[in-house]
Each structure stands twice: as C-alpha cells, then as structure tokens.
Amino acid sequence: MADITVTEHLLLHEKRSPHATGRFTGLLYDLIVSGKSIARRINKAGLLDILGGTGVVNVQGEAVQKIDDIANRLLIYRMERCGAICAMSSEENPDLIRVGPEFPRGDYIIIFDPLDGSSNMDVDVNIGTIFSIYRRPAGRTGEVTLDEVLRPGMEQVAAGYFMYGPSTMLVLTTGAGVHGFTLDPGVGEFLLSHPDMRIPEHGWIYSCNEGYREKWGPAAREAVEYFHKAPSCKGGAYSSRYVGSLVADFHRTMIYGGIYMYPEYDGRPNGKLRMMCEANPLAMLAEQAGGAATDGRVRILEKQPTELHARTPLFIGSKKDVEAVNAIYARHAK
C-alpha cells in the first residue's frame, strides 16, 4: 500500500465530499498537529509530571486530570488560530468558546472531548480525543449563537477520534465512509492503514459496566441479559469486554463488531455520556461504517440537544445487536 496521508486521502479519494476544501483541510491539519502534540506528551507520561489530578472539578462534576488540562489548552490554542473555526465547545469548559476578533474566523464549529478516559492513564490504558465538526448555518454572521451549535448529530460534516495506545491512530469520517490512519513516528505523518472500515453486521462481544446492574431499569437489565444468552455471530455465547475508556471500547467494537452499552441508571436518568462530544461523533462513525447507534428509543443522530453538555444513554455497534436492544426497549415502552 502506498503511504497515503490524511490530506492526500481527503483530496484524492473524497473529491465528492463538499467539505474537501482548502479551509477544511487546513482545519484538519491543525487538528492533526494537536493530536500529535497530545500523543507526544502521553508517550512521556511516566517521565513528566502529568499524571494524576489537578484538584479542579470540571463542569461535568469530574476531577480534572493534569493531562486533561494540557490536552484542552493545546486544542483550544490551535483551533482558535487555524482560521477555519468560528466557535468551539470542550467537555472541560462550561460555556461556548467563541473565536475572538483578534484571530481569523471561518465557518466551522468544533466540539471535542480533549482526552476521553484520562483517569486510566495512570495504568497505561488506551485513551483518546473525540471530535465533532459542524458547518455554521448559511447566512449567519456576527457572534455565534448557541442555537447554531445545538444541532442534531445528523448535521455533522465530519467526526472522528485520535486513539493513543501502542500506536497512535486517527479514525475519521467526512460522510464518505470511515478510514483509519496510523501515526508513523519515523515520518511524523498519519498514514492510511485501515481503509473503508466496516462494523460487522452481527458481533460476538458485548461491552458494559455491569457494576451498575442494580441501578439499571428493567429495559437495560433485559438488554444486557439478552447478550448473556443470545447466540453470537460465532454461534456460541457473547464474550464480555469492558475497558472503561470509551475510545478503546468503541474502537474494539469498530474492528470486531458487537455492542457497547451505557444505559441510563438511578441518579442518571439521561445517562452519563455527553451527546455532543461523545455520542454524536461516535454515532456518525458507526453509521458510516454500517453500524447503528441508539439511546434505546431514538436514533442518536436524530436527537436534539438542549444544552452544550446534554447527556444520553448509548447503545452502539453492530446493526443487528443494536436492533435487538431497540426491540427490548420498545416492548418495555408499551
């Protein structure tokens, strides 16, 4: 396979995409530089003072890790200077971040989780950066308003994640399939390594935190019980795998198929995962790869967020496995 970079792939293989423009590729370039910078720091985590917490609690009510703060500042710095962004939202910031008049502005809006699973870094587990990109509605000028950002996931123009582990990967969709790129440290570029990624229609792995079982409602309990007993695509029982790092769990699901589940539970009636910086981008990737994503009742990409940090239950992965969950929730809704 020829060494094809992300930009080459976007320009040569996705010419039909309306987003394969100079400004968009510039945005992607700066996003990739951010991913490389974060990866470099993570690779030196045991040598630098970036493990552990900062002592600060973020808007989500979670302890901020030192590397969370570093990744967040890196992304904001590069995105506000890239010339393609007019506004952004980060999991770590309570409010919308508007690009000021001191920087050139474009028509794109980016929403990101700067470092998903960062609490696992102390034990060297794969973690990642998740991002979602929208285009500003046509005809809108001036200061970006919140309603321009609070849009359903079906309006995303691109989505993806960087995964930091044994190798650093970028998994990306611009609405023309899903493609994976692996960072070659020798040349400092992400090179196409996983073209046209597809989620198997029926899987053999289910993934969830069963420690919350007693807090789940009847539909969620029945859904998980279904995967205890139903035959997998291999004919035998499903296997259970759960890392606790969303990017790692989802990436495994992309490769092997199956289903990742994070249902609602007592104390979290809307679930725990963030709709706009986690569920929406992963749902776009899943659907572009032939899979599906639901909250048990509604397709994730059709949900209308009402606030920047809205949450949602999430069932995502192989189409037949997600359909089984939808059927269970539909019975309980009667």
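Which residues in α4 meet which residues in α7? That was my starting point with this predicted model.

**Entry 1: α4 against α7**

I looked up the α4 side first and found P218, A219, A220, E222, A223, Y226 and F227. On the α7 side I noted D321, A324, V325, I328, Y329, R331 and H332. Sorted by class, the residues of this contact come to 10 nonpolar, 1 polar and 3 charged. I then checked the geometry: the axes of α4 and α7 (residues 319–333) come within 9 Å and cross at roughly 145 degrees. I put the hand of that crossing down as right-handed.

**Entry 2: V224**

I stayed in α4, which spans residues 218–229, and picked V224. Is V224 buried or exposed? Its relative accessibility is 1%, so I count V224 as buried; the cut-off for that is under 20%. Next I listed its contacts, leaving aside neighbours within four places in sequence: Y206, C208, E210, W216 and M261. I also took a distance to H9, 215 residues away along the chain, and got 39 Å between the C-alpha atoms of V224 and H9.

**Entry 3: α5 against α6**

I turned to another helix pair. The axes of α5 (residues 246–256) and α6 (residues 275–288) come within 12 Å, with a crossing of roughly 15 degrees. I therefore call α5 and α6 roughly parallel to each other, since angles under 35 degrees count that way. The crossing of α5 and α6 is right-handed. From α5 I wrote down L246, F250 and M254, which meet E278, L282, L285 and A286 of α6. The class count for this contact is 6 nonpolar, no polar and 1 charged.

**Entry 4: the sheet of 8 strands**

I traced the strand order as β4-β3-β5-β6-β7-β8-β9-β10. The sheet is open and its pairing is mixed. At the edges I found β4 (97–98) and β10 (189–194), each paired on one side only.

For a parallel pair I looked at β3 (residues 85–90) and β5 (residues 108–116), which share 5 bridges. There S89 has I111 of β5 as its bridge partner. For an antiparallel pair I took β6 and β7, with 7 bridges; T129 is partnered by F162 in β7.

Which helices lie across these strands? I noted α3 (residues 66–81), which lies across β3, β4, β5 and β6 (127–135) and runs at about 160 degrees to β5. I also noted α6, which lies across β5, β6, β7 (158–164), β8 (168–173) and β9 (178–184), at about 80 degrees to β6. So α6 turns up twice in my notes: it meets α5, and it lies across strands of this sheet.

**Entry 5: β7 and β8**

How many residues of β7 are buried? I got 7 of the 7, so I call β7 largely enclosed by the rest of the structure. Going face by face, I found A158, G160, F162 and Y164 on one side and A159, Y161 and M163 on the other, all buried.

I ran the same check on β8. There 6 of the 6 residues are buried, so β8 too is largely enclosed by the rest of the structure. I put T168, L170 and L172 on one face and M169, V171 and T173 on the other, and both faces are covered.

β7 and β8 pair in the antiparallel sense over 6 bridges and form a hairpin with 3 residues between them. I marked two bridges here: M163 with M169, and A159 with T173.

On its other pairing, β8 runs antiparallel to β9, joined by 5 bridges. M169 stands opposite T182 in β9. This is a hairpin as well, with 4 residues between the strands, and I noted G175 in the turn for its positive phi of about 95 degrees.

**Entry 6: the sheet of 5 strands**

Last, I looked at the sheet ordered β12-β11-β13-β17-β15, again open and with mixed pairing. I have β12 (239–240) and β15 (292–294) as its edge strands, each pairing on one side only. I followed β15 to its partner β17 (residues 314–317): the two run antiparallel and are joined by 3 bridges. A292 finds its bridge partner in G317 of β17.

Note on methods:
Residues numbered from 1 in each chain as written. Predicted model: local features only at pLDDT ≥ 70, side-chain atom pairs only at ≥ 80, totals over all residues. Heavy atoms only, no water. Buried < 20%, exposed > 50% of the residue type's maximum accessible area, 1.4 Å probe, protein only. Contact = heavy atoms within 4.5 Å. Axes fitted to C-alpha atoms, helices over the stretch in contact; angles between N-to-C directions. Parallel < 35°, antiparallel > 145°, perpendicular 65-115°, else oblique. Left-handed = near helix turned anticlockwise from the far one by under 90°. Nonpolar A, V, L, I, M, F, W, Y, C, P; charged D, E, K, R; others polar. Pairing = 2+ DSSP bridges.
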